[in-house]
Amino acid sequence: MSKFASLEEAISANVNDGDTIALEGFTHLIPMAAGHEIIRQRKRELTAVRLTPDLIYDQLIGAGCVKKLIFSWGGNPGVGSLHRFRDAYQNGWPRKITIEEHTHAGLTNRYVAGASGMPFAVLRGYFGSDLVDKTENIATIDSPFDDQKILAVAAINPDVTIIHAQQADRQGNVMAWGITGSSKEAVFAAKRVVVTVEEQVESFTPKFNSIIIPEALISNIAVVPKGAWPSYASGYYERDNDAYIAWDEVAKERESFTKWLDQEIYAKSSDAYQGSEA
Amino acid sequence: MAISEINRAGSSSEAEKNPWNSNEMMTIAAARTLRDGMICFVGIGIPSTAAILAKATHAPNLFLIYESGTVNTNPQKLPLSIGDGELANQALSVVGMPEIFNYWLQPGRIDMGFLGAAQIDRFSNINTTFIGESYENPKVRLPGAGGATEIAGACKDVIIIIKQTTRTFVPKIDFITSLGFGDGPGSRERNGLIGNGPKYVITDLGILEPEATSKELVLTALHPGVSVEQVIANTGWDLKVAKDLKESAAPTTEELERVRALVATSSRKKS
């Protein structure tokens, strides 16, 4: 059975209220259109996992979809703060959210443990940081083989991981290239996987620095051109830095954000993202 | 850049020809600490400018790694974000983040790591998490750790780049995001950290280095045109000053031209 679906169907079939979701992609290939569709479908009580919450979770948090954020660096990259995240965390608007804060190494290894089917992964990390006292799901353990202290991070297994990639082939295998961050680990860790892609191709032409996600790991694929905008998709389009700067203004005030939400999400249909932001 | 921040060093003819600003001096001072062939873990902003400058001048074989997964990259323009396409396009290879953190950083393969901070204390512990009374109810919430905690722990040496004021150089930081020397000698060892810790703290006013035994920061160099009193006035504790206090060489014309050309490659103004 074909796993190709519309974005609306892919989100509706795979994201439920109360789920733990991971929308990954490290500055590159951020599944922005999928994030918008989650907002549009008014999913609630989500635990949202992502190394860098970025604009995509600022939007989800501001729209009231998220009850808990698990992250390791919460800023607008190259610009400043995530105002909606801060407003929710500090002032409870539009709802109170809790946080679980890690380091990149730690959260990456939570995915590694989840991907490996293990209860935890180990690293030499967090040591000396006050994070040790604040962060759930980490513990110091003794090495069974020598006298070292090791840090363990609990596995994370998202109900659904969503990533954006450049291409899917006719069979539904996916190829992404360039910076892929912790996406592969987040895919293997997840119970369900949704991928949005720039385009469907007949077959892949091998690319330098590419990864392949076989069809067997994927629940649904949606073809969403420019689905990572305003982040970028190597080989397709560049990062729209102006949009990242503009977001700072939109997100600063509740009123401007609410207006954005009405105009850019709720007033638009699920397939409006396609090509609309060129 | 406000006119008041333009630094005009009276003693140097080079400086009179090329007045530089404090960001440029900080960048150039950082670049000069890098040695050819080093493996460097680099971040966005001044660390990138410094590393690219060093690679273009005295250290052509610098091996630059960014946490986004770009290995031995050779950016020709300033990356605007950690995942900038320029970093991937110019890299020997692009790998996943487990490889960066578990295989490159953790075992101690990185010679020099760069960090910035909102606050630093006399033992070079740094805060990038929040400003205020409590973690749960911060006055200003900052982005958090990112890669910093493990960079501070595992790189052989670390450079911290930070503007020096009494708001950034404080007696007690509000949160230890990344450990420098903890509460003094032995702290890193007790915490199981394998790297040597911060080697230089480079500011807009000068260079500070940890004292060999106490591990407390000592002012070891002034940038041209800066006085000791000025540095002390911008430090929130009784700052120790080295007996053989040096003066940083003024930026050369080449250094300034290259820094300015690099900064001009970013399409937006960096605050």
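The following dialogue concerns the contact between chains A and B and a sheet of chain A in a predicted model.

Modeller: Residues are numbered from 1 along each chain as its sequence is written, and chains are lettered from A, with ligands numbered from 1, in the order in which they are written. Because the model is predicted, local features need pLDDT of at least 70 and side-chain atom pairs count only at pLDDT 80 or more, while totals for chains, interfaces and linings use all residues.

Biologist: How many residues does each chain give to the contact?

Modeller: Chain A gives 44 residues and chain B gives 42 residues; two residues are in contact if their C-beta atoms, placed from the backbone, lie within 7 Å.

Biologist: Which helix of chain A gives the most to the side that touches chain B?

Modeller: Helix 5 of chain A does, with four residues. Helices (H or I, at least four residues) and strands (E, at least two) are DSSP runs, numbered from the N terminus.

Biologist: Why are strand 5 and strand 6 of chain A said to stand at the edges?

Modeller: The open sheet has three strands in the order 5-7-6 (chain A), with antiparallel pairing. Strand 5 (120-123) and strand 6 (138-142) of chain A each have a single partner strand, so one side of each is left without a neighbour in the sheet.

Biologist: What makes strand 5 and strand 7 of chain A a pair?

Modeller: Two strands pair if DSSP finds at least two bridges between them. Strand 5 and strand 7 (residues 149-154) of chain A have four bridges, in the antiparallel sense, and therefore they satisfy the definition. A:Phe120 stands opposite A:Ala154 in strand 7 of chain A.
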